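Here's a quick tour of the model, sorted by topic. Have the viewer open and follow along.

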Amino acid sequence: MFINGKWVNAESGRTFPSVNPASGDIIAQVPAGDANDAAKAIEAAADAFPHWSAQTAYQRSQFLYQAHALMMEKLDHLAAVMTEEQGKPLQAARNEVKYGADFLLWYAEEAKRIYGQTIPSSRADQRFMVLRQPVGVVGAITPWNYPISMITRKVAPALAAGCTIVLKPAEATPLCAKAVFEIFEAAGMPAGVVNLVTAQVPAPIGDAFLKDPRIRKLTFTGSTDVGKMLAREAAVQMKRVSLELGGHAPFIVCRDADPVHAAKGLALVKFLNTGQACISPNRIYVHADIIDSFIGELTQRVSAMKAGSGFDKSVRIGPLVSDAALEKVDRQVQDAIAKGARLIAGGRRLTENGLDRGFFYAPTILSGVTPDMTIYREETFGPVAPIISYNDADDLLAMANDTRYGLASYVYTSDLKTAFTLFEGLHFGIVGINDINPTSAAAPFGGMKESGLGREGGIEGIEEYLETKLGGFSI
Ligand code: NAD
């Protein structure tokens with residue numbers, strides 16, 4: 001763990017294993033932090049806050065520029081750590097490291113653009129001035145599916161704003177977090193500005209963040225249930241929260257779309273990270289007139305996807321994170337089949353050629369999916385493409401919006417009017433129109449409804465870490 005500028009073990013001396021999900025092998029033992037370690041880290045962050053927040057934006061941004069340069073230098077190393085610990089193919093891991101590094105660069109620049117305001121008063125002898133100031137010490141909790149970029153997406157804007165931070169990474173990917181914090185250390189961040197507490201049991205660290213009044217802001221990426229619990233508890237001390245939670249993305253292929261192009265897009269975005277992405281399509285609506293060519297192209301692409309170790313260059317499908325994840329995916333698939341869905345590809349755990357040592361599920365296509373099936377409502381977080389045929393475009397928006405989630409959505413159309421109607425009518429924070437990758441450090445990422453609160457990335461991302469202070473001056 002990295003607390004107050006030093007690498008330390010847990011006070012209890014306890015450790016837990018980090019496991020390679022492709023082979024089941026233990027990679028390393030990691031400190032199992034608890035509430036005591038969290039308290040020390042919060043103390044360090046609170047002590048560092050006055051000095052860090054008093055640095056000029058130009059000084060703070062130098063650290064972020066430096067961290068960005070080091071991260072790009074260490075690209076291969078970071079990607080290899082991620083592939084071993086998280087399982088995604090090496091090329092996808094490299095892409096994630098670059099995406100993660102982008103946040104450091106973007107917020108190194110945004111740090112210098114935290115503008116205030118002057119406001120005209122109705123009184124001649126009065127002046128109004130609005131200042132933006134850092135909220136204080138931040139508690140951050142990150143997931144395992146994007147184990148490096150989810151860290152920089154929080155740390156970079158927090159530091160740029162002048163906050164100090166304590167981060168608890170997911171228990172499945174502590175080594176990825178350690179590798180990122182080694183970069184922060186090498187970038188020369190002053191002691192206590194960034195702190196890392198690894199833990200096998202997350203709740204005591206979450207509790208420490210919630211109960212310690214010095215933590216003024218909680219930022220969380222993970223499941224909707226945990227996010228709601230944190231938001232409820234954070235209300236006790238009225239801490240600021242931002243939450244990036246689950247999703248259930250509709251992927252709409254209109255009658256006027258090119259079905260082959262759309263199937264190619266779906267094959268890329270659906271099976272990215274083995275479907276373990278909050279923006280992964282979970283309901284694929286395809287117009288009945290073009291569904292056969294769509295399914296034909298998709299099936300061809302899916303049957304060519306090889307599963308295995310992410311270090312094998314020909315592999316597209318890495319392992320799922322755990323046995324529980326495998327079971328959840330299979331339960332959804334079997335439920336859909338039992339209720340009348342047609343299994344076109346996959347639909348089973350992969351065990352041949354040594355894959356039984358890891359958590360592999362065959363890339364799966366289901367057609368004839370209906371609203372009574374679990375997969376129609378519950379996030380899958382796995383490599384399953386559930387296809388729904390539709391005829392009536394008038395029902396499309398109501399169908400697509402019929403979910404408690406509101407993170408990402410996708411539309412394929414060649415008609416400008418349809419593109420605008422759906423862009424404006426979809427209740428989702430992100431809409432990709434003929435675009436399967438509508439994400440960037442420069443753009444606001446986040447969800448509506450039960451997919452979360454606040455935005456990460458873009459000019460919006462730094463707002464989450466700033467207070468607004470009004471000054472009234474009588475002169
Ligand atoms: P999770 O909620 O179980 O875990 C996420 C993080 O929360 C981990 O660090 C975990 O240790 C921690 N955590 C769990 N219980 C906690 C508690 N009681 N107190 C404090 N911390 C706790 O989620 P997961 O299964 O690891 O991740 C998958 C979920 O994350 C999916 O629902 C996915 O959609 C979502 N996700 C969202 C985004 C986004 O940007 N919206 C990005 C990635 C993942």
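Let's start in a loop: T274 sits between helix 9 (259-270) and strand 13 (281-287). Keep in mind that this is a predicted model. After the loops, the briefing moves on to a helix, a sheet, the nonpolar cores and the cysteines.

**Loops and backbone angles**

- T274 has a phi near 55 degrees, which is positive even though the residue is not glycine.
- T274 counts as buried because its relative accessible area is 2%, and the cut-off for buried is under 20%.
- K449 is another non-glycine residue with positive phi, this time near 50 degrees.
- You'll find K449 in the loop that links strand 20 (430-433) and strand 21 (452-453).
- Is K449 buried or exposed? Neither label fits: with a relative accessible area of 41%, K449 is partly exposed, since that class lies between the 20% and 50% cut-offs.
- P89 belongs to the loop between helix 3 and helix 4.
- At 12% relative accessibility, P89 falls under the 20% cut-off, so it is buried.
- Setting aside neighbours within four places in sequence, P89 makes contact with T83, G310, V315 and R316.
- For a sense of distance, P89 and T198 are 109 residues apart along the chain, and their C-alpha atoms are 25 Å apart in space.

**Helix 4**

- Helix 4 covers residues 90-110, 21 residues in total.
- From first C-alpha to last, helix 4 reaches 30 Å, close to the 30 Å expected at 1.5 Å a residue.
- Its buried residues include the aromatics Y99, F103 and Y107, and also E96 and E110.
- A93, V97, G100, A101, L104 and A108 are among the other buried residues of helix 4.
- What covers those buried residues? The cover includes helix 2 (57-73), helix 3 (75-86), helix 5 (149-161), helix 6 (174-186) and helix 14 (458-463).

**A three-stranded sheet**

- Three strands form an open sheet in the order 5-6-22, and the pairing is antiparallel.
- At the edges are strand 5 (117-119) and strand 22 (466-474), each of which pairs on one side only.
- On average, and ignoring direction, neighbouring strands in this sheet are turned by 25 degrees against each other.
- Strand 6 (residues 126-134) and strand 22 run antiparallel and are joined by nine bridges.
- To pick out one pairing, Q133 has E467 in strand 22 as its bridge partner.

**Nonpolar cores**

- As general background, nonpolar side chains in soluble globular proteins tend to be buried together.
- Here the largest nonpolar core has 57 residues, and L159, F184 and V194 have the most contacts inside it.
- Not counting residues up to four places away in sequence, F184 touches A67, L104, V155, M189 and V194.
- L104, one of those partners, is also one of the buried residues of helix 4.
- Another core, of 41 residues, lies apart from that one, and L266, V286, F360 and F445 are among its members.

**Cysteines**

- How many disulfides does the structure hold? The count is zero.
- C176 is in no disulfide, and the nearest cysteine sulfur, which belongs to C278, is 17 Å away.
- That distance rules out a disulfide for C176, because the sulfur atoms would have to be within 2.5 Å.
- C176 is buried, with a relative accessible area of 0%.
- C163 is buried as well, at 0% relative accessibility.

How values were computed
Residues numbered from 1 in each chain as written. Predicted model: local features only at pLDDT ≥ 70, side-chain atom pairs only at ≥ 80, totals over all residues. Heavy atoms only, no water. Buried < 20%, exposed > 50% of the residue type's maximum accessible area, 1.4 Å probe, protein only. Pairing = 2+ DSSP bridges. Helix = DSSP H or I, 4+ residues; strand = E, 2+ residues; numbered from the N terminus. Axes fitted to C-alpha atoms, helices over the stretch in contact; angles between N-to-C directions. Expected span 1.5 Å × (residues − 1). Contact = heavy atoms within 4.5 Å. Core = buried A, V, L, I, M, F, W, Y, C linked by side-chain atoms within 4.5 Å.
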